[in-house]
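User: I should like to learn how a sheet is read from strand pairing. Please take me through it on the structure shown here.

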Amino acid sequence: MNQTGTIGKSWTARKAARVGLCVLVAVAVALLGACSSKPRAGRYTVEVMPTQSVSGQAFDVDLFGVASDTDYRTWGSDQVEQHFAGGALAAARADRKPVTLHWEAGDSQPKRLEAGDPMWNAWLDKGAWYLVVATDSRAASATGGQRVSKPVVLPLDVRRWKTKVIRVELGSSGLQLVTR
């Protein structure tokens, strides 16, 4: 150190700069980890709202998790009809562990699968990446026809939804996603 003390201040300044840089890097790493874009399946409250066109009928809506793109792509009208059929297919339906929302004729109140429902654990533990929302053919047509409604398949990736409540509407033309 010289008589004016500049070498000591310079060394102290360099040490402080290094410590500051280390702190800055640590904070940046922590923030980047928290803002990761890594896929992760989330839990949502799913609300199904019947329209007036189906409120005079009794019907069920099943919600269940599926794990892969291949699983969800197979869910067309034929699969929905088989899902709700009795007999030999009842075991396959039970294996999917659906949550069934039931409406009596005249009931037009929305019903919900809550994000805190324990069934989410079963689906996510089996690797669910999609939630299938399907209705039986009794609600498919206000004219009493036997048209089977296509299901709504919801991706569960937390990056997809900006909300924790996803709304689906059931009308005479079937199920339709309301939340975008």
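Analyst: Let us begin with one residue pair: Asp62 has Thr100 as its bridge partner in β3. This is a predicted model, in which local features need pLDDT of at least 70, side-chain atom pairs count only at pLDDT 80 or more, and totals for chains, interfaces and linings use all residues. Residues are numbered from 1 along each chain as its sequence is written, and side-chain values use heavy atoms, leaving out hydrogens and water.

User: How many bridges join β2 to β3, and in which sense do they run?

Analyst: Strands of a sheet pair through backbone hydrogen bonds, either parallel or antiparallel. Here strands are DSSP runs (E, at least two residues, numbered from the N terminus), and two of them pair if DSSP finds at least two bridges between them. β2 and β3 are antiparallel, joined by five bridges.

User: What is the order of the strands in the sheet?

Analyst: The order is β3-β2-β5-β6, an open sheet of four strands with antiparallel pairing. β3 (99-103) and β6 are the edge strands, each pairing on one side only.

User: Which contacts does β5 make with β2?

Analyst: β2 (residues 59-66) pairs with β5 over six bridges, in the antiparallel sense. Within β5, Val133 lies opposite Leu63. β5 is also joined to β6 (residues 152-155) by four antiparallel bridges, where Leu131 has Leu154 as its partner.

User: Why is β5 described as largely enclosed?

Analyst: Buried means under 20% relative accessible area, exposed over 50%, and partly exposed in between (1.4 Å probe, protein chains only). Six of the six residues of β5 (130-135) are buried, so the strand is largely enclosed by the rest of the structure. Tyr130, Val132 and Ala134 point one way, Leu131, Val133 and Thr135 the other, and all are buried.
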